[in-house]
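Biologist: I am new to this structure and would like a close look at a single part of it. Could you take me through the annotated binding site and its surroundings, step by step?

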Amino acid sequence: MTPIVFDLDGTLIDSAPDLHAACCKMLADEDAPAPSLETVISYVGNGVPRLVELAMRANGIPADQHARLVKAYMGYYNADPATLTTIYPNLLPLLEALKEKGHRLAVCTNKPEAPAREILRLLEIEHFFDVVVGGDTLPKKKPDPAPLLHTLKLLGADSCLYVGDSEVDAETADRAGQTMALFTKGYRKVPVADLPHAFAFDDFAALGPYIESL
Ligand SMILES: O=C(O)COP(=O)(O)O
Ligand SMILES: [Mg+2]
């Protein structure tokens, strides 16, 4: 049974409203204006340090403040990581069906591991996943292939289907030599056709039949 590894933000969960809220609180403390939700979505994908860096740059905040603002952002996000966050439609029945069929499931995200695990717990889906690898689990983040290869190692598997929403995920799967399924309703910044993928879908109801066909 092929293990199925999922990205988190923009794939399993629509987390942007909580990421946006934490970013607005961090910027308000610096007397900077609140960015739009779309702007914050454009900062998502390469982990927290990059999100904070992009928000600082957009507001002319000096780069030497980065470590302090990463701490401030994480303080706000970790204090309230899932209030505005939702699971994508038709995902729950898919996770249940995959488990039932004997697939092992995992999460490989650039979100730090602690809030990733906490969000899975708060949304009551943590029991589906045998392994959770976050953006700070290893020294390297996606699109380096190391986190996905580490996830496979922890699963005791050689290969998987990686399900993600972004250019970061498609590059990660490609560099790790794994099959990519691209969820097109997440936080992708480039056209679907520009990304290496074996399958693209806009509704989790369509992913089950594809997995069956593997
Ligand atoms: O933390 C991010 O920037 C993105 O997280 P993801 O890897 O779950 O999409
Ligand atoms: Mg994502």
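**The binding site and its surroundings**

Modeller: Asp9 is a good place to begin in this predicted model, since Asp9 counts as buried because 26 C-beta neighbours lie inside 10 Å, where 20 or more are needed. Asp9 is placed in the loop between β1 (4-6) and β2 (13-14), and, if residues up to four places away in sequence are not counted, Asp9 touches Ser15, Val44, Thr109, Lys111 and Tyr187.

The UniProt record, in an unreviewed entry, lists Asp9 under "binding site" together with Asp7 and Asp165. Although these residues are spread over 159 residues of sequence, they cluster in space, with a largest C-alpha distance of 8.2 Å.

Turning to Asp165, this residue lies in the loop between β6 (161-164) and α8 (167-176), and Asp165 is buried because 24 other C-beta atoms are found within 10 Å. Leaving aside neighbours within four places in sequence, the contacts of Asp165 include Asp7, which the record also lists, as well as Gly10, Thr11, Phe183, Gly186, Tyr187 and Arg188. Tyr187 is thus a contact of Asp9 and of Asp165.

The ligand can now be added to this picture. Ligand 1 is surrounded by 14 residues, of which the closest are Leu8, Asp9, Thr109, Asn110 and Lys111, and among these Thr109 and Lys111 are also contacts of Asp9. By character, the shell around ligand 1 divides into eight polar, three nonpolar and three charged residues. Ligand 1 lies between domain 1 (4-14 + 85-213) and domain 2 (16-79), because both domains give residues to its shell.

Note on methods:
Residues are numbered from 1 along each chain as its sequence is written. Chains are lettered from A and ligands numbered from 1 in the order in which they are written. This is a predicted model: local features need pLDDT of at least 70, side-chain atom pairs count only at pLDDT 80 or more; totals for chains, interfaces and linings use all residues. UniProt positions are given in the numbering used here, feature names are shortened, and annotations may be inferred rather than shown by experiment. Helices (H or I, at least four residues) and strands (E, at least two) are DSSP runs, numbered from the N terminus. A residue is buried if 20 or more other C-beta atoms lie within 10 Å of its own, exposed if 12 or fewer, and partly exposed in between; C-beta atoms are placed from the backbone. Two residues are in contact if their C-beta atoms, placed from the backbone, lie within 7 Å. A residue is near a molecule or strand if its C-beta atom, placed from the backbone, lies within 6 Å of it. Ala, Val, Leu, Ile, Met, Phe, Trp, Tyr, Cys and Pro count as nonpolar, Asp, Glu, Lys and Arg as charged, and the others, Gly among them, as polar. Domain bounds come from an automatic or database domain assignment.
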